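Q: Please take a close look at a single part of this structure. I would like to see how its aromatic rings are arranged, and then what can be said about an internal cavity.

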Amino acid sequence: MFHFDIKSESKTELYNDLLSALDALTADEPDPIANMANAAALLFEYLPDLNWAGFYRLIDGELVLGPFQGKTACIRIAMGKGVCGTAAETRETQLVADVNAYAGHIACDAASASELVVPIVEQGRLIGVLDLDSPHPGRFDAGDAAGCEMLVKLLAPRIAG
């Protein structure tokens, strides 16, 4: 059983603590699904104001739902479609303050108002994306993007399979 002392005095401290916790959870586990599941649970528990945290895996040229926390979700997303598909296609983090103003947004949960999607790339190969949703507009900022990119960098080789 793991117990983590995650501090949230600053965003930097929060993500550094999450990085340490994620490292402890995944360091010795070779199974990618187990590592994604624990990562999603960790983020959902410790990042405030989320209504969804999870992964989409790249399988046969499309994003397929992976481990997550939150309401049921879209199962398959085409490359280039919605925020997740755009992050996967461009391999660039997508920070969307208002999903309702995002052309082509895929509304898996009508309660979601903002979204952060980070592509997961290992040795030049796209593995999938980390997707975070919030019911609050403008929930995510550059600090969240940088923090999640740091988490994904640690996690990528541990879920590359």
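A: What follows covers the aromatic rings, then one cavity. The model is predicted.

Start with the rings. A search of the whole structure turns up 2 aromatic pairs. One is Trp52 with Tyr56, a stacked pair with 5.9 Å centre to centre and 25° between the planes. Both Trp52 and Tyr56 are buried. Next comes Trp52 with Phe68. Their ring centres lie 5.1 Å apart and their planes meet at 15°, so this pair is stacked. The Trp52–Phe68 pair links distant parts of the chain, with the two positions 16 residues apart in numbering. Trp52 sits in strand S1 (residues 52-59), while Phe68 belongs to strand S2 (residues 62-70).

Burial can be read from the accessibility values. Trp52 has 4% relative accessibility, so it counts as buried. Phe68 has 26%, so it counts as partly exposed; the cut-off for buried is under 20%. Together, Trp52, Tyr56 and Phe68 make up one aromatic cluster.

Now the internal space. The count is 2 cavities of 30 Å³ or more. The second largest cavity holds about 50 Å³ of space. Its lining consists of Leu22, Ala39, Leu42, Leu43, Phe55, Leu130, Leu151, Val152 and Leu155. Helix H2 (32-46) and helix H4 (142-159) are the elements that give two or more residues to this lining. By class, the lining has 9 nonpolar residues, with no polar and no charged ones.

Definitions and conventions: Residues are numbered from 1 along each chain as its sequence is written. This is a predicted model: local features need pLDDT of at least 70, side-chain atom pairs count only at pLDDT 80 or more; totals for chains, interfaces and linings use all residues. Side-chain values use heavy atoms; hydrogens and water are left out. Rings of Phe, Tyr and Trp (its six-membered ring) pair if their centres lie within 6.5 Å; planes under 30 degrees apart count as stacked, over 60 as edge-to-face and the rest as tilted. Buried means under 20% relative accessible area, exposed over 50%, partly exposed in between (1.4 Å probe, protein chains only). Helices (H or I, at least four residues) and strands (E, at least two) are DSSP runs, numbered from the N terminus. On a 1 Å grid over the protein atoms alone, a cavity is a set of points where a 1.4 Å probe fits but cannot get out, and a pocket is an open set with protein on both sides within 12 Å along at least five of seven lines; lining residues have an atom within 4 Å of a point. Grid points are joined across faces, edges and corners, and a volume is the space filled by probe spheres set on the points. Ala, Val, Leu, Ile, Met, Phe, Trp, Tyr, Cys and Pro count as nonpolar, Asp, Glu, Lys and Arg as charged, and the others, Gly among them, as polar.
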